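Please open the model in your viewer and keep the selection panel at hand. The stops below take one residue or group at a time, and each says what to select and what is there.

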Amino acid sequence: MFRFFAILFVVAFGLELWGLITIGSWIGGWNTVVLVILTGILGAWLARQQGMQVFRMVQHQLARGQMPTDSLIDGVLILIGGILLLLPGFVTDVIGLVFLIPYTRMIIRHLLKRWLWNLISSGRVQLFFRR
């Protein structure tokens, strides 16, 4: 598992560096720096807005006695998207925006739930409940 993450880290770093150099050659170095800073600011604002909306939804569902499963998954996806948008680079910014936009987040949530359900039903993940 460590090898997978090490390779993923190196590949992601290489993609980010390639993206920064490519965009920098098209629009200039300073414009690239400004664009990276602006995407970080936009990401922080969007993550805060979406996070507060999901937080209110969780409170509303709990007040009605419902289990906020979809809202909690949305909260985790928003957190991941916000972290990706704060990292410098354009590849992580695109992935972070995909995690923060409600429509695309709904698709990712559906795929994630289906993947988790397959893991649980195949027996690779076991859930234990205590009383």
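Begin by selecting Thr 104, which is partly exposed with a relative accessible area of 23%, where buried means under 20% relative accessible area, exposed over 50% and partly exposed in between (1.4 Å probe, protein chains only). This is a predicted model, in which local features need pLDDT of at least 70 and side-chain atom pairs count only at pLDDT 80 or more, while totals for chains, interfaces and linings use all residues. Residues are numbered from 1 along each chain as its sequence is written, and side-chain values use heavy atoms, with hydrogens and water left out.

Thr 104 belongs to helix 5, residues 102–122; helices here are DSSP runs of H or I with at least four residues, numbered from the N terminus. Show the side chain of Thr 104 together with the backbone of Ile 101, and you will find a polar atom of that side chain 3.1 Å from the backbone oxygen of Ile 101. Once residues up to four places away in sequence are set aside, Thr 104 touches Leu 97 and Val 98, contact being defined as heavy atoms within 4.5 Å. For a sense of scale, draw a C-alpha to C-alpha distance from Thr 104 to Gly 28: the two are 31 Å apart in space and 76 residues apart in sequence.

Move next to Val 98, which sits in helix 4 and, at 32% relative accessibility, counts as partly exposed. Not counting residues up to four places away in sequence, Val 98 touches Thr 104, Arg 105 and Ile 108. A second C-alpha to C-alpha distance, from Val 98 to Leu 77, comes to 9.6 Å, although the two residues are 21 apart in sequence.

Now select Asp 70, Asp 74, Arg 105, Arg 109 and Lys 113. How many salt bridges does the model have? The count comes to four, with a salt bridge defined as a side-chain nitrogen of Lys or Arg within 4 Å of a carboxyl oxygen of Asp or Glu. Asp 70 pairs with Arg 109, their closest N and O atoms being 4.0 Å apart; this pair links distant parts of the chain, with Asp 70 in helix 3 and Arg 109 in helix 5, 39 residues apart. Asp 70 also meets Lys 113 in a salt bridge of 2.8 Å, N to O, and because Asp 70 lies in helix 3 and Lys 113 in helix 5, that pair ties together parts 43 residues apart in sequence. Asp 70 counts as partly exposed at 29% relative accessibility, as does Lys 113 at 37%.

Stay with Arg 109 and add Asp 74, with which Arg 109 forms a salt bridge whose closest N and O atoms are 2.8 Å apart. Arg 109 lies in helix 5 and Asp 74 in helix 3, so the pair ties together parts that are 35 residues apart in sequence. Both of these residues are buried, Arg 109 having 15% relative accessibility. Through shared partners, salt bridges join Asp 70, Asp 74, Arg 105, Arg 109 and Lys 113 into one network.

For the next stop, select Leu 46, Ala 47, Val 54, Val 58, Ile 78, Leu 85 and Leu 100, the seven residues of the largest nonpolar core; such a core is a set of buried Ala, Val, Leu, Ile, Met, Phe, Trp, Tyr and Cys residues joined through side-chain atoms within 4.5 Å. Helix 2 and helix 3 (69–86) are the elements that give two or more residues to this core, and helix 2 gives the most, with four. Within the selection, centre on Val 58, which contacts Pro 68, Ser 71 and Leu 72 when neighbours within four places in sequence are left aside.

From there go to Gln 61, also in helix 2 (residues 29–63). Is Gln 61 buried or exposed? At 16% relative accessibility, Gln 61 counts as buried. The side chains of Gln 61 and Ser 71 are joined by a polar contact of 3.1 Å, a term for a pair of N or O atoms within 3.5 Å in which, within protein, one must be able to donate a hydrogen and the other to accept it, and residues adjacent in sequence count only if both atoms are side-chain atoms.

Finish on the surface by selecting Trp 18, which lies in helix 1 and counts as exposed at 57% relative accessibility.
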